[in-house]
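Reader: I would like to learn how to read a structural model feature by feature. Could you take me through one, giving the general idea before each case?

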Amino acid sequence: MDNPPIGVMFRCDSPPENLPAYAQLAERLGYDELWVVEDCFFTGAVSAAAVAAASTESLKIGIGILPAAFRNPALAAMELSNLSRLFPGRILPGFGHGVPDWVRQVGAHHPSPLAVLEETIAAVRALLHGETVTAHGRHVDLDGVKLAFPPAEPPLISAGVRNEKSLRLAGRVADGTILAEGAAPAYIAWARARIDEGRTEAGRTDPHRVTVYAHLDFDDAPRSARSELAAQFSSPVQPSDPADADVLAGLVSDAKGDLEALAAALPDEIVDRYAVVGDADSCGKAVSRLAAAGADAVVFVPPRDADLSVAHLTLAAEALLGG
């Protein structure tokens, strides 16, 4: 099986002035995509996407994700139309629920996050396709809105979601789905089935792109990925593969809040299942497993250390992309 498109993430905790050089490096190494994120309270993803696109020639730029509750859909569509006309075929926008605590912190909480996301994606997608939109929903309230400059090639709109109802929503109204870090192959296959249920409900037969984020640690001793997974497994969110739930619950309990101890105790097979780690052969097989489970694109989330990040992305490109 050929590799799916492989992208890299520009981490939200990276200084924004580093983005142009990082984007240029990603393109030079042969990566297909660069993804920018919008976590509170770091940097804005729309402006970051514009900088990344302007700094490169053909690299596709993903936005994963814009919290739907933060943005009026008309303004979001205007921004995305602008990007899509300036950089045709290169922009891959995504919307999501956003972290609930952050949404409350900025006064954007809504009693139905599902309604917010579904109505926002539906309105933005329609506007980008040149439609006149009138919608009076639980969140979106538009009256005869039509873009003056819709893109000739509307971008695919993805939903960055995790749970069953949200995945079905993605299948109904979005053109793609973004799955966050720590997505095991079994979870990807399960998510794909829930997405397809939503697509069936809506009568959709067009393609639906599944983008999967994955921690990258191009090292036989993947300390960075172990640390990231330890923090993730210690959170209230359950592991994406239920088969690992009991083992991980026991390890978390034994660690008693010591993330370093938990990271060291994680079995190799679990690290391999939830991240792209090891040498060239191991990383290549990990990407193949993700693709076989249903990933149409894989986005590497590099280590937090900037120097290590560049080193691992370079080594991975040489091994997997022929860079």
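Author: What follows is a dialogue on salt bridges, helix packing, one loop and some unusual backbone geometry. Please keep in mind throughout that this is a predicted model.

Reader: Let us begin with charged pairs. How many salt bridges are there by the rule used here?

Author: The general idea is a distance test, in which a side-chain nitrogen of Lys or Arg has to lie within 4 Å of a carboxyl oxygen of Asp or Glu. Applied to this model, the rule gives a count of 21 salt bridges.

Reader: Which residue forms a salt bridge with R11, and how far apart are the closest N and O atoms?

Author: The partner of R11 is D13, with the closest N and O atoms 3.7 Å apart. As for their surroundings, R11 counts as buried, with 11% relative accessibility, whereas D13 has a relative accessible area of 36% and is partly exposed.

Reader: Which parts of the chain does the pair of E38 and R71 tie together?

Author: In this salt bridge between E38 and R71 the closest N and O atoms are 2.6 Å apart. E38 belongs to the loop between β2 (33–36) and α2 (45–54), while R71 belongs to the loop between β3 (60–67) and α3 (73–86), so the pair links parts that are 33 residues apart in sequence. E38 is buried, at a relative accessible area of 11%, and R71 is partly exposed, at 22%.

Reader: And where do R125 and D175 lie?

Author: R125 and D175 form a salt bridge whose closest N and O atoms are 2.8 Å apart. Since R125 sits in helix α5 (residues 113–128) and D175 in the loop between α6 (164–173) and β8 (176–179), the pair ties together parts that are 50 residues apart in sequence. D175 is buried, with a relative accessible area of 4%, and R125 is partly exposed, with 25%. The pair also belongs to one network, in which salt bridges that share partners join R125, D175, D196, R199, R204 and D206.

Reader: Now to helix packing. At what angle do the axes of α1 and α13 cross?

Author: One reads the angle between the axes, then the handedness of the crossing, and then the residues that meet. The axes of helix α1 (residues 19–29) and helix α13 (residues 306–320) cross at roughly 20° and come within 10 Å. Because angles under 35 degrees count as roughly parallel, α1 and α13 are described as roughly parallel to each other. Their crossing is right-handed. From α1, the residues Y22, L25 and L29 meet S309, V310, L313, T314 and A317 of α13. Sorted by class, this contact of α1 with α13 has six nonpolar residues, two polar ones and no charged ones.

Reader: How are α6 and α7 oriented to each other, parallel or oblique?

Author: The axes of α6 and helix α7 (residues 185–202) are 6 Å apart, and the two helices pack at an angle of about 50°, so α6 and α7 are oblique to each other. Here too one can name the handedness, since α6 passes α7 in a right-handed crossing. The contact includes E164, L167 and R168 from α6, and among the residues of α7 that take part are W190, R194 and R199. The residues of this contact of α6 with α7 divide into six nonpolar, two polar and seven charged.

Reader: Which residues is T43 in contact with, leaving aside its neighbours within four places in sequence?

Author: A loop residue can be read through its exposure and its contacts. T43, in the loop between β2 and α2, is partly exposed at 29% relative accessibility. Neighbours within four places aside, T43 is in contact with P16, V37 and E38. From C-alpha to C-alpha, T43 and D13 are 8.9 Å apart in space and 30 residues apart in sequence.

Reader: Finally, which peptide bonds are cis, and what is the phi of K256?

Author: As a general rule, most peptide bonds are trans, and most residues other than glycine have a negative phi. In this model the bond from C40 to F41 is cis, with omega near -5°, and F41 is placed in the loop between β2 and α2. The bond from G64 to I65 is also cis, with omega near 5°, and I65 is in strand β3. K256, although not a glycine, has a positive phi of about 50°. This residue, K256, lies in the loop between α9 (245–255) and α10 (259–265) and is exposed, with a relative accessible area of 72%.

Technical notes
Residues are numbered from 1 along each chain as its sequence is written. This is a predicted model: local features need pLDDT of at least 70, side-chain atom pairs count only at pLDDT 80 or more; totals for chains, interfaces and linings use all residues. Side-chain values use heavy atoms; hydrogens and water are left out. Buried means under 20% relative accessible area, exposed over 50%, partly exposed in between (1.4 Å probe, protein chains only). Helices (H or I, at least four residues) and strands (E, at least two) are DSSP runs, numbered from the N terminus. Axes are lines fitted to C-alpha atoms, for helices over the stretch in contact, and angles run from 0 to 180 degrees between N-to-C directions. Angles under 35 degrees count as roughly parallel, over 145 as roughly antiparallel, 65 to 115 as roughly perpendicular and the rest as oblique. A crossing is left-handed if the near helix is turned anticlockwise from the far one by less than a right angle, and right-handed if clockwise. Contact means heavy atoms within 4.5 Å. Ala, Val, Leu, Ile, Met, Phe, Trp, Tyr, Cys and Pro count as nonpolar, Asp, Glu, Lys and Arg as charged, and the others, Gly among them, as polar.
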